[in-house]
Amino acid sequence: MGPPTTLLLPLLLPLALCWGRRSNPDSGRPSCDRCDPRLACNCSHAGLTRVPSVTAGALTLDLSFNDISEVAGDDLTGHASLESLSLHGNKLAVIHPSAFDSLWSLEELDLSDNQLTALNHRWFIKLGALQELNLLHNPYSCLGSRPVFQGLVRLRRLAFGGPALQELKRRDLSGVTQLEELTVHANNLTRYETGTLADVWPLGRVTLSLHGPFSTNVSLASTVLRDVSYPETQLILEDLHLIGNRSVLPFRETARKRVRKMIFRNLYASDEAVTDLLVALDGVPLTSLLLDGITLTGEGKFERARWTDHKSIDEFVLRNAVVLDVFHFVSLVELSFLLKYPRKVSVINTQVFVMPCVTSRLLVNLQYLDLSDNLLTDMTLVETLCDGDGTLKGLRVLNLSGNALKSLSTMSRQVAKLSKLTHLDISGNGYSSMPQGCSWPSTLRFLNISRAKLTTITPCLPATLEVLDLSYNDLKGFILILPALRELHLSGNKLLRLPPGWLFPNLQTLTIQSNTLNMFDRSDLQSYSRLQDLQAGQNKFVCSCDFVQFLQSAVKGDGGVRLTDGEESYVCDSPLYLQGEPVGRVQLSIVVCQRVLFVSVSCGVALLVGLLVCVLLWRLHAFWYLRMTWAWLRAKRGSQRRRCRDGPESEALLSYDAFVSYSERDASWVENELVPELEEPRESDEGSVNHRAPRPLTLCLHKRDFLPGHWIVDNIMSAMERSRHTVFILSENFVQSDWCRYELDFSHFQLFDGSAGGKAAILVLLEPLSKDDIPKRFCKLRKLMSSNTYLEWPQEEERSGEFWRRLRLALRGEEDEDDVERRTM
């Protein structure tokens, strides 16, 4: 079987590789790991050419602005939890019919700005939870032969169309009955079946882009407007060119349906068209008219519309207006028949540098005035507000943000007589200083001076304020009592700490992001008696133990104050090893946070261990051995110095036959028995080799022979060195004597270090003493008794002669005929 198997391997290997590719659907697919803790994956602008693999639990997937051209059938398999998918701005031309089948929870789908030439109803057949669908700006000419949105029963917002859309049929929106918003871009629409958009009534908002029909096919445009115009539906019309009476004819349908809210975006209009539009809407209960991005080609002569009735207009908004012939354009006085009715007027980003006082006086019902992002100065403001004479006496909200105002004192003086003014927005102006005193209306509750250049705060601010916004100035401190303040916004300044809470007894919301705060703690927040919401992220936090512990408890809601800007906004700036780490995920060790406790516990443990070691060493007598070793080394060095000083012959001149080591309690036996017996002259011993009278022996006793004034250890060492032998008188008293232990160990050291010169220790047991009676710390004595011959002092008097004879022979170094009895333990 070997050879055939070998031959099959080259054939089986490619098959195995192909099977491996097929069994792994993600083979070759890119991956995207840019998902935040909320399972929102932002994979936009990543240069992707295929749908990437992301975490299976993703809730939001943004694939916009890539180069994806196809969505395969299994690209989104396993994403049943996905709620939002954006493929906006790709090169998408092919979508597999079952590509979205697994997305049962999908609520938002954006396929706009792609290359889809046809729509397939099978894409959406299983998207029962879909609420928002965007199909704008794709090159399809119709919505398909079958109803595309048939199964989308929960759809609320639908946008479709583009430059290629030419046809809308009656059944195209079949099944869509509960829309809230509908957006249709059909600038090149040529065929429209009546009732196509009418079937989705009622609608909250309809946005139509019908440039072509309004220009070339008025009848088609009228039909479309008739189908979507209802009194409660906000109608938004984009990209219109109204030049002459004919282009305005479709608005008769909106007038007939009595539409109340209309918005024009990107409108190009002449004086004649504007006048005809006002005439067409005569008597219509229009409450809101918004012109966003309007280009006026005439001179602003609308006299023919003066007789029209527009008393119902409550809100008029003019935004991003461009006047082509500005030097010939007359003032808005020509629209006086309109200006005396609205309660809300907004003229935004239209390069207005002054609104004449005569125009201001026309706004008799005005409660809301927005002149933001224009060219007003302090001088022209005086003209606009009629030098503060209270002309706009009913005004409640005034927005002058984004102009060229510089003087707060001028501002306060001009609005002082607006007795109903509650909201004033003067943000984005050039205020660099604040006067000490200002006169504001007593009704003022909201003041916005953000995005200016203020460096200090003064009592110019009114004490009546409930909401104050000073964000993005150059403030380094805030010390001002504002008892009524409920909201304070100080983001984007240079504050080093939270303002004292006692200044604002009623404060409920504080935002202080992007400052230079290092930290704050519970005591700082406790000074705010009613604070509920705090936004203090994006600062340079020092992640100390107290701050990390406090913030993590605050994130959990334990501190009573909500951090409404999210845990991810709080990031460590120092120490360096924690830089960039979210505070909520920082884990500091007890060594860092409880240094005093750690040191105390460590010292306590070290002390306990040291105490245990000391007890153990004491039990093992290590201290005694160390002390003895030190003493011996010191004495040995002294002995060597003496040898060098006195010469080698000094030992022979001062030598003893034996140094006697004994306990002071055994001194009577040594003095009365041992010394007389060995040092006094005697007749020759019977066992002697010759029978001459033996020489008396010379003994060294510490009482008698130690030199006074010398260290006792030096005397012991010197005595041992000058003695031929060392005699140890062993007894219970000897074992209890420290000096006897020294002498014993010194003798033992001499035996091992070679300084004994052949001298041996002679053991004399004064009383019966077994090895077990000797403490374990006398390890050397126990060893000597196990290895050396020793003599026992006889208890019978008749045997004492034999004892003395054997002792003399041992001291003289002569051999005995009889072996001395050896006892070993």
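What follows is a walk through the disulfides, salt bridges and one surface patch of this structure.

Keep in mind that this is a predicted model, where local features need pLDDT of at least 70, side-chain atom pairs count only at pLDDT 80 or more, and totals for chains, interfaces and linings use all residues. Residues are numbered from 1 along each chain as its sequence is written, and side-chain values use heavy atoms, with hydrogens and water left out.

Let's begin with the cysteines. A disulfide here is a pair of cysteine sulfur atoms within 2.5 Å, and by that rule the count comes to 5 disulfides. One of them joins cysteine 32 to cysteine 43, with the sulfurs 2.0 Å apart. Look along its S-S bond and you'll find a torsion of about -100 degrees, so this disulfide is left-handed. Cysteine 32 sits in the loop between α1 (2-23) and β1 (40-42), while cysteine 43 sits in the loop between β1 and β2 (60-62), so the pair ties together parts that are 11 residues apart in sequence. Those helix and strand names come from DSSP runs numbered from the N terminus: helices are H or I with at least four residues, and strands are E with at least two. Both cysteine 32 and cysteine 43 are buried. As for the wording, buried means under 20% relative accessible area, exposed means over 50%, and partly exposed is in between (1.4 Å probe, protein chains only).

Another disulfide joins cysteine 35 to cysteine 41, again with an S to S distance of 2.0 Å. The torsion about this S-S bond is about 105 degrees, so the link between cysteine 35 and cysteine 41 is right-handed. Its two ends are covered to differing degrees: cysteine 35 has 28% relative accessibility and counts as partly exposed, whereas cysteine 41 is buried at 1%.

Now jump along the chain to cysteine 543 and cysteine 572, which are joined by a disulfide with an S to S distance of 1.8 Å. Its torsion is about -95 degrees, so it is left-handed. Cysteine 543 lies in the loop between β28 (541-542) and α11 (545-555), and cysteine 572 lies in strand β30 (residues 572-574), so this pair ties together parts that are 29 residues apart in sequence. You'll find cysteine 543 buried, at 5% relative accessible area, and cysteine 572 buried too, at 3%. Two other cysteines are worth a glance: cysteine 614 is partly exposed at 38%, and cysteine 700 is buried at 1%.

Next come the charged side chains. Side chains of opposite charge can pair when their charged atoms come close. The name salt bridge is used for a side-chain nitrogen of Lys or Arg within 4 Å of a carboxyl oxygen of Asp or Glu, and a search of the whole structure finds 25 of them. Take arginine 170 and aspartate 199, whose side chains meet at 3.2 Å, N to O. This pair links distant parts of the chain, 29 residues apart: arginine 170 is in the loop between β9 (167-168) and β10 (181-185), and aspartate 199 is in the loop between β11 (191-192) and β12 (205-209). Arginine 170 is partly exposed at 40%, and aspartate 199 is partly exposed at 38%.

Strands can be linked like this as well. Arginine 265 forms a salt bridge with glutamate 238, their closest N and O atoms being 3.3 Å apart. Arginine 265 belongs to strand β15 (residues 261-269) and glutamate 238 to strand β13 (residues 234-238), so the pair ties together parts that are 27 residues apart in sequence. Here arginine 265 is partly exposed at 32%, but glutamate 238 is buried at 13%.

For a salt bridge inside one helix, find arginine 805 and glutamate 802, which meet at 2.4 Å, N to O. Both lie in helix α22 (residues 800-812), 3 residues apart, about one turn of the helix. This time arginine 805 is the buried partner, at 14%, and glutamate 802 is partly exposed at 33%. Elsewhere, salt bridges that share partners join Arg226, Glu253 and Arg256 into one network.

Last stop, the surface. Leu597, Val601, Val605, Val609 and Val613 form a nonpolar patch there, with about 390 Å² of accessible area together. Valine 601, one of these residues, is found in helix α13 (residues 595-619) and is partly exposed at 46%. Patches are built from residues with over 30% relative accessible area and no salt bridge, joining like charges within 9 Å and nonpolar side chains (Val, Leu, Ile, Met, Phe, Trp, Tyr) within 5 Å. Accessible areas come from the Shrake-Rupley method with a 1.4 Å probe, and for residues only the protein chains shown count as cover.
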